[in-house]
Amino acid sequence: MKEKFAAVATKMYDFFASYFSLSGQLVSQEQAEKNIRDGVSFKGTNILILILAILIASLGLNTNSTAVIIGAMLISPLMGPIIGIGLGVGIHDFPLLKRCVRNLLMAAGFSVIASTLYFLISPVNEQHSELLARTSPTIYDVLIGFVGGGAGIIALGSTNKGNVLPGVAIATALMPPLCTAGYGLATWQLNYFFGASYLFVINSIYIAFATFIGVKLMKYKGTNVVNDSRARRVRRIVYALAILTMLPSIYLTYTMIKQNTYTMNADRFIRDECHFPDTQVLNRQIYTKDGEQCLSMTLIGKTLPIDSLRLALSSKLKFYGLAGTKLIFIQGGADAVDKQDNNYSPAVSDIYRIAQSTITRQQSTIDSLERIVIAGRETTTAAPAIAPEIKVIFPNIKRIGISTTVFSMPGDTVPADTATVAMVHTEHRFSQAEKNKLAEYLEARLGYKKITVVEMK
């Protein structure tokens, strides 16, 4: 039984191994070395092509054109010396290693200078997304450089190269970081310069590192004259550089994942907890201020009490991994903006003040009209209510009507005066004393401060 199982396992191994076998598909070491060494030199046409490629990439970044950037990466001859470094370390060809390092530094220097000059004279210096994406390298960029370098060395050592090298040039994206570094120098934004330079270093080192491993796996022979201690020292330097280059990217990756997780938790918190009958969350903003994470929400609809809202929601933050987050609410006018938030510009505050002033003025007008309507309704119903009493106390009165009237003069700046008027029809003309007595009665009976009696014939 064991023998049968071993035979089946051997057949399966041979079956799958045949798909990964490189037998008969590799060129000779001499041919592969020639292909690599031919791309190491950066003189004459190569340096001119590099400068033109960097200008094309700068134009692509300036106009945010992906197609132009890809074209520049295909034109660029930067891959040559990087792969040459890996070959030089792998076969212990230290003169080749020195030449490749020197040429790569010269090529990177010329590229940054050309890009800097372009952005100094370019009338458009907006920070487009393709440019900003080149300033925050992560561990994923390390993996892209390493895997891309592995694909590159396999293609250079195989008989069927296909479109691998152009694909590697696009995937590893060596040109955009150099353009971004030039942009950072031209606009004196050093965060762009250092971030993009770090990305270029990552790509270069890990393409070379993958080439070095590929050379070892393909069993390329070293040069005849080798100083073993020097070779070991160079290998240690290569490993150390690979590890040291990776460490900052690991931290940046951790920061990126942490921020993405926080954003997802904040969106889940808003989706699950921020449900209000007549109010909804219009948008949200996440930012850090004075070392404190802030979650700002703009609410639309019925105005809610901010203090009560914060008290109700703050206790639930810990269940979403948002403990310690400061909740900010924006709703309505300036008085409804969370007073704990000082993250808004004076212009925004002015807009809120103007809006609130308009709302207050309109509300004052509405309140005034409501008072007039209510007063008019009261006076309209007052006369029928006291008519039986009037007939007994003032038998001379046949009919009575009570209304509220506004007195004003055209062009008068003095506020209009509102008065209550009692209009009466009498059998015999009222004396002034009778009018005063009627006014006093109506004021006491209806609770008005002053009533003017007008006798109508």
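The following exchange concerns a predicted model and treats its sheet, a helix packed on that sheet, a salt bridge and a surface patch.

Trainee: In what order do the 3 strands of the open sheet lie?

Mentor: Strand β1 (residues 279–289) and strand β2 (residues 292–301) run antiparallel and are joined by 10 bridges. Strand β3 (residues 326–330) runs parallel to β2, with 5 bridges between them. The pairing is therefore mixed, since two strands count as paired when at least two bridges are found between them, and the order is β1-β2-β3.

Trainee: Which are the edge strands?

Mentor: The open sheet has the order β1-β2-β3. An edge strand here pairs on one side only, and the strands that do so are β1 and β3.

Trainee: Which residue of β3 stands opposite Thr298?

Mentor: Thr298 lies in β2 and stands opposite Asn283. Towards β3, Met297 has Phe329 as its bridge partner. For Thr298, the residue opposite in β3 is Ile330.

Trainee: Which residue in the turn of the hairpin has a positive phi?

Mentor: The hairpin is formed by β1 and β2, with 2 residues between them. A positive phi, of about 55°, belongs to Asp290.

Trainee: What angle does the direction of α13 make with that of β3?

Mentor: From β2 the chain passes through helix α13 (residues 306–314) to β3, in a right-handed β-α-β crossover. Neighbouring strands of the sheet are turned against each other by 25° on average, direction ignored. Helix α13 packs on this sheet and touches β2 and β3; its direction and that of β3 make an angle of about 145°.

Trainee: How far apart in sequence are the parts that Arg284 and Asp267 tie together?

Mentor: The count of salt bridges comes to 3. In the one between Arg284 and Asp267, the closest N and O atoms are 2.7 Å apart, under the 4 Å limit for a salt bridge. Because Arg284 lies in strand β1 and Asp267 in helix α12 (residues 228–273), the pair ties together parts separated in sequence by 17 residues.

Trainee: Which residues form the nonpolar patch on the surface?

Mentor: One member, Leu117, is found in helix α6 (residues 94–121). Together the members have about 440 Å² of accessible area. They are Ile113, Leu117, Leu120 and Ile121.

Definitions and conventions
Residues numbered from 1 in each chain as written. Predicted model: local features only at pLDDT ≥ 70, side-chain atom pairs only at ≥ 80, totals over all residues. Heavy atoms only, no water. Patch = residues over 30% accessible without salt bridge, like charges linked within 9 Å, V, L, I, M, F, W, Y side chains within 5 Å. Areas by Shrake-Rupley, 256 points an atom, 1.4 Å probe, with all protein chains shown as cover. Salt bridge = Lys/Arg side-chain N within 4 Å of Asp/Glu carboxyl O. Helix = DSSP H or I, 4+ residues; strand = E, 2+ residues; numbered from the N terminus. Right-handed = clockwise from strand over helix to strand, strands pointing away. Axes fitted to C-alpha atoms, helices over the stretch in contact; angles between N-to-C directions. Contact = heavy atoms within 4.5 Å.
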